[in-house]
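Let's take a walk through this protein together, one piece at a time. Have the picture ready and follow along.

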Amino acid sequence: MRTLDKEIFDCKVKGNFRLKGIRSTNPVAVGDNVKISLQPDGNTALIEEIVDRKNYVIRKASNLSKQSHIIAANVDIAMLVVTVAHPETSTTFIDRFLASAEAYRIPVTLVFNKIDLLNDEETHYLDAVINLYENIGYSCLKCSAQTGHGIEEGIGNSPSLRELLKDKVTLLSGNSGVGKSTLLNRLIPDAKAKTSEISSAHDTGQHTTTFSQMFDLPEGGNIIDTPGIKGFGTFDMERSEVSHYFREIFEIGRDCKYGDCTHTKEPGCAVLKALEEHYISQSRYQSYLSMLDDKDETKYRQGY
């Protein structure tokens, strides 16, 4: 743990923490603000209290289906690194991440990495995906962590990635293989994050980050690097709430005939009408249906 004076102490949690009904495998998460008491040896401390979080990001614990794992807390922005090829990040994964971020009230910027590797057809698809998410209201940036393009200087009218991150606590996330570690090393050379080659057989990445870790940005701010993740379920989310976290579905759904409309088969459903008239994309609607049906917490979709 690091203090405001940038002193580092090994800490233990005092007693058993109960965090307002959250059954978590890790009561203290990266990004938490805590109150400590220094121990007589001068090198260790006890965590006495966790200051109320403004937000947090949570997922199902790996081996305990009824518990959660808090990935990070007190985040200003979530930066989801995605690639349209080498490997391809599915729109289902993107939509699940966006819905989760909406639920936890965390703004998201989609960062499309590896633009230097794309052919003409892949570049055309990239522009279509960016157009989809920008029309919904999400910020999108293009970059190449390998060449630095889009990181120090923005592309087109977009700000540079470094400009976006300045003085913010940023959650860095994405599937394995999208170049998170390479991007982190470009932004913070001292991070020395481990990178790996993409599998040529499956065009997928290998996990190189095994736990969340916070790094200081040279220009101010912090990045919380998280392990590569394959997907999100509807953990900690009620079925009736899912539509609230798809911005365009929630907005158009206000005009549905019934207040409890699930937007699946009800008469007078404004969402189904908008889908038919192409005001809602088919991919977004399918992602919504997959989360709506995802009542089983073990039923996760892969992001590859």
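Start with one pair of residues: T109 stands opposite S139 in strand β8. Keep in mind that you're looking at a predicted model. T109 sits in strand β7, which covers residues 108–112 and runs parallel to β8, with 4 bridges joining the two.

Now zoom out. Those two strands belong to an open sheet of 6 strands, in the order β8-β7-β6-β9-β11-β10, and the pairing is mixed. At the edges you'll find β8 (139–142) and β10 (213–216), each pairing on one side only. Neighbouring strands in this sheet aren't lined up exactly: on average they are turned by 25 degrees against each other, ignoring direction. What holds strands together in general? Strands of a sheet pair through backbone hydrogen bonds, either parallel or antiparallel.

Next, find helix α2, residues 120–136. Its 17 residues reach 25 Å from the first C-alpha to the last, close to the 24 Å expected at 1.5 Å a residue. At its start, a side-chain oxygen of N119 comes to within 3.1 Å of the backbone nitrogen of E121. After the helix comes G137, with a positive phi near 120 degrees.

Which residues of α2 are buried? They are E122, L126, V129, I130, L132, Y133 and I136. Looking down the axis of α2, you'd see these buried residues fall within an arc of 155 degrees, so they line one face of the helix. The face turned away from that buried side carries the exposed residues D120, E121, H124 and N135.

And what covers the buried residues? The cover includes α1 (91–103), α5 (247–253) and α7 (282–292), along with β7 and β8, the pair of parallel strands we began with.

Technical notes
Residues are numbered from 1 along each chain as its sequence is written. This is a predicted model: local features need pLDDT of at least 70, side-chain atom pairs count only at pLDDT 80 or more; totals for chains, interfaces and linings use all residues. Side-chain values use heavy atoms; hydrogens and water are left out. Two strands pair if DSSP finds at least two bridges between them. Axes are lines fitted to C-alpha atoms, for helices over the stretch in contact, and angles run from 0 to 180 degrees between N-to-C directions. The expected span of a helix is 1.5 Å times one less than its number of residues. Buried means under 20% relative accessible area, exposed over 50%, partly exposed in between (1.4 Å probe, protein chains only). The arc is that of the directions from the helix axis to the C-beta atoms. Contact means heavy atoms within 4.5 Å. A polar contact is a pair of N or O atoms within 3.5 Å; within protein, one must be able to donate a hydrogen and the other to accept it, and residues adjacent in sequence count only if both atoms are side-chain atoms.
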